[in-house]
Amino acid sequence: MLEIVLTREDANTEYALLAEWLVEDRAEVTAGQPVCVVETTKATVEVESPGTGTIVQLYGEEVEVELGTTIAYVAETADELASIDARSEDKPAPKPPAGDRKATRKAVELAELHSIDLSTVEKRGFITEKDVEALIVAQKASAAPAAGQVLAGVSTDGVSLPATFELDEGVGVLDPAFLESFEHEAFRALVPADKIHALRDAGARIGDGVDLGEGSLVAAPRVVIEDGVRLGPRATVVCEEVVAIGERSQFGPDLELRCRRAFLGAGIWGGRSVRFGGGGHRDPWATLTVGDLAFVGDEAFVNVCRPVLIGREVFLTMRSMIVTHNIGHSVLEGFENRFASVVLEDRSQIGLGAVLYAGARIGAEAIVASNSYVVGEIPAASFAIGVPAKATGSSSHKLSDARRLDLARRMIDDLHELLALRGHAVSAIEEGDPRGFEIDGTRVAFTASYRGGIDAPAVVLAIDVRGDVPDGVAVLDLLARRVHGSGGVVLDSVREFCRKRGIKLEPGPWSYPGGLV
Amino acid sequence: MSTTQQKRGVQVLNETLHAIFAERDDVVLFGEDILDPYGGAFKVTHGLSDAYPDRVLTTPISEASLFGVAAGMALRGRRPILEIMFGDFIALGLDQVVNGISKFREMYDDQVTVPLVVRTPMGGRRGYGPTHSQSLEKLLLGIPNICVVAASECHDIGALLTAAVEDERPVFFIENKLLYGRPNRRPEDGHIGELAVRESGRPYPALTFSATDFTEGSATVVTYGGMLPVVLDAVTELVLEHEIFCEVVALSQLVPMELDAVFESVARTGALVTAEEGTLTGGFGAEIAARVQEAAWSDLRAPVQRVAARDGIIPSARPLEDEMLPSVEDVVNAIAALDGVRS
């Protein structure tokens, strides 16, 4: 396919007049045949066809055309002609010129923070920060009555709420008389077993194997603490309406949980001196939800004056900080005064010391690097870093099956080496698939696909598991992240080893303190 | 965005000349290479010699004699329009202007007028080199009893040219070269793009632009002609990137200098930047700065800043030419440097 382009003849003009076509559109033309007359500032010239074929004219006559523009094609074959026709049919709509940008940078940033679509703003003139602020106020005014207070209209998209959030409101309600006479210091002084008795007697739902640490306090009109929950020494749990904690969740010493409504899931692992609360923790909108298997690192601080939704398997690592409000100088002097929720969608990860500012929303499986400062939204599955944090890439890499298999095999070799270095008597038993070792009479092996056939006692790691698991054998399905069967200290140790590679298995607990590793 | 197809400057000027010729038979047009089919170096006179062969005359390359002939025709009751192919060449005719054309009316006690129009392109940014790229309006600023009109792409270019032809005074009609190829953008519903626009003064109006519909502004930029798009780009950048809001006054009448629109704007904004494409010293900005500080000292919170070409020659090489001529960045920096602009 050949093109006929208007070429520049002199320096004075940007345009030429396409005066006349000498041939009909779609006419057959031959190389060198004059096809049109073009008037430039210097001369009137005939333009010749560059080849033989069918001419497709892109302009009419007596039109001014910018120099450098293609004014016609010459299709040398029927196929070329067809492709020209196809192209002209799905020509994309012209992009608006760059000069059409009308929202200021500040307006765009504020709009992004509040998920406002600026194309919906109807205004003659520039869209400024002030316009967006007015819009936010208007939106708040219209949204507030409908949204209710518990989640205050915050979207739960991408967030798996804990089962405790769905519990019937009548579960765990304490006797008002008990609350009336409740004294914090007296409760703290009780031995752990007596605390549980006291709460149960008053109407709280307290599961089996619950451990409330020495000096701890649990005070709320509605208390649900499921099986196996452990709160470390000196925990302070004070909620205005409800506290509900799912099974096997545990926190280290000095937990502080102050919030109007706290709904925590199952299998949460919290470090020492974790703090939920801060200014406004009694506000009508102070709701905290933490999904199953979330990790909350040492000294993490979560301010809860607006809803904070932490999804399933979120990593909120040590000393990270979530703030839901900011009070500075007077709003009437133009200073910012901000109250907004923070949402961490499922499996997102927050690095050491990162700060999430009011209004932040971290997309599912996104990673926020250590010491970053997050304002606004971080897209799902992205890696974000900086002050303020910006998405710079993807949070994970695509693994080939071969690479995944290689990593899994290496795990069993590493575990073998680790146990040997720890001084345990370990002997290699297999090469190839399955491969592994024996420790304390238990075989620990990796096989790509588990279909039975490994004798008890054994702990088997696999990335594809089918069929029944016999007694005395525990199979860890590494991809589905499930444990089939049961085992003793060896299984716990393998699980702990897996946990340190980010593989958290269900059913919990996923944290195993100590053991062989 | 405009829904109608905007005409480019050259098209507006050409159509206006055709309309003027059709309207009045005392108008004659002459200049170098203006006959069809060439129609002038920038095509402004295209089609006129074919339509009016006895009133459109091509001349030798002698600007001094062109001015002299035009003066004589104007004194004898015709309305000559001269096309000086490049504004740089007006220097060749200035003796006729300074010692004759501008003085005859008063010398002959108002018994005669010299109603001629000198149309000429000024300005660079096209790589034409030292003697075809200058903006020499400032040479005309100090000549009493003439009128200097500079069209910008946001003015009603046709109305300006028509008024110039009807004017009894000698008028220099300055056409920046970039005006020819750019669309003539006129206000719609009081706006051009996102900027609100007011038009004031006759017959050669000033346009005042505001990014906030005249509710707030931290500086005024006064400019004309081919610098207007540069200034509007700078002002737009300041709005979008920093929410700094300025007003812009685009004069079309440079001589006699009437600055009401500038005084009104400075009363709102408290600071002034001047922007011109000609060289800095003894220029448009210098004259305006002097007049504004005399008349509106109490409105100013900062010294007037001038943006202009460096005092030097304009190289042909485009990167060097860009260094010489005032840029968007120069305007942005001048505004940002004013006291009380950065918050």
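**Strand 14 of chain A and a helix crossing in chain B**

Strand 11 (residues 217–219) of chain A runs parallel to strand 14 (residues 236–245) of chain A, and the two pair over 3 bridges. This is a predicted model. One bridge can be named: A:Ala219 has A:Val238 of strand 14 of chain A as its partner.

Strand 14 of chain A has a further partner in strand 12 (residues 223–225) of chain A. This pairing is also in the parallel sense, with 3 bridges. Here A:Val223 is bridged to A:Val243 of strand 14 of chain A.

Next comes strand 16 (residues 256–264) of chain A. It runs parallel to strand 14 of chain A, and 8 bridges join the two. A:Val238 appears again here. It stands opposite A:Arg258 of strand 16 of chain A. A:Val238 is thus linked both to A:Ala219 and to A:Arg258.

Now turn to chain B. Helix 10 (residues 260–269) of chain B meets helix 11 (residues 284–296) of chain B. Their axes come within 11 Å and cross at roughly 60°. The angle is why helix 10 of chain B counts as oblique to helix 11 of chain B: it falls outside the ranges for roughly parallel, roughly perpendicular and roughly antiparallel. The crossing of these two helices is right-handed.

Which residues make the contact? Helix 10 of chain B contributes B:Val262, B:Phe263, B:Val266 and B:Ala267. Helix 11 of chain B contributes B:Ile288, B:Val292, B:Ala295 and B:Ala296. How do the residues of this contact divide into nonpolar, polar and charged? There are 8 nonpolar residues, no polar ones and no charged ones.

How values were computed
Residues are numbered from 1 along each chain as its sequence is written. Chains are lettered from A and ligands numbered from 1 in the order in which they are written. This is a predicted model: local features need pLDDT of at least 70, side-chain atom pairs count only at pLDDT 80 or more; totals for chains, interfaces and linings use all residues. Two strands pair if DSSP finds at least two bridges between them. Helices (H or I, at least four residues) and strands (E, at least two) are DSSP runs, numbered from the N terminus. Axes are lines fitted to C-alpha atoms, for helices over the stretch in contact, and angles run from 0 to 180 degrees between N-to-C directions. Angles under 35 degrees count as roughly parallel, over 145 as roughly antiparallel, 65 to 115 as roughly perpendicular and the rest as oblique. A crossing is left-handed if the near helix is turned anticlockwise from the far one by less than a right angle, and right-handed if clockwise. Two residues are in contact if their C-beta atoms, placed from the backbone, lie within 7 Å. Ala, Val, Leu, Ile, Met, Phe, Trp, Tyr, Cys and Pro count as nonpolar, Asp, Glu, Lys and Arg as charged, and the others, Gly among them, as polar.
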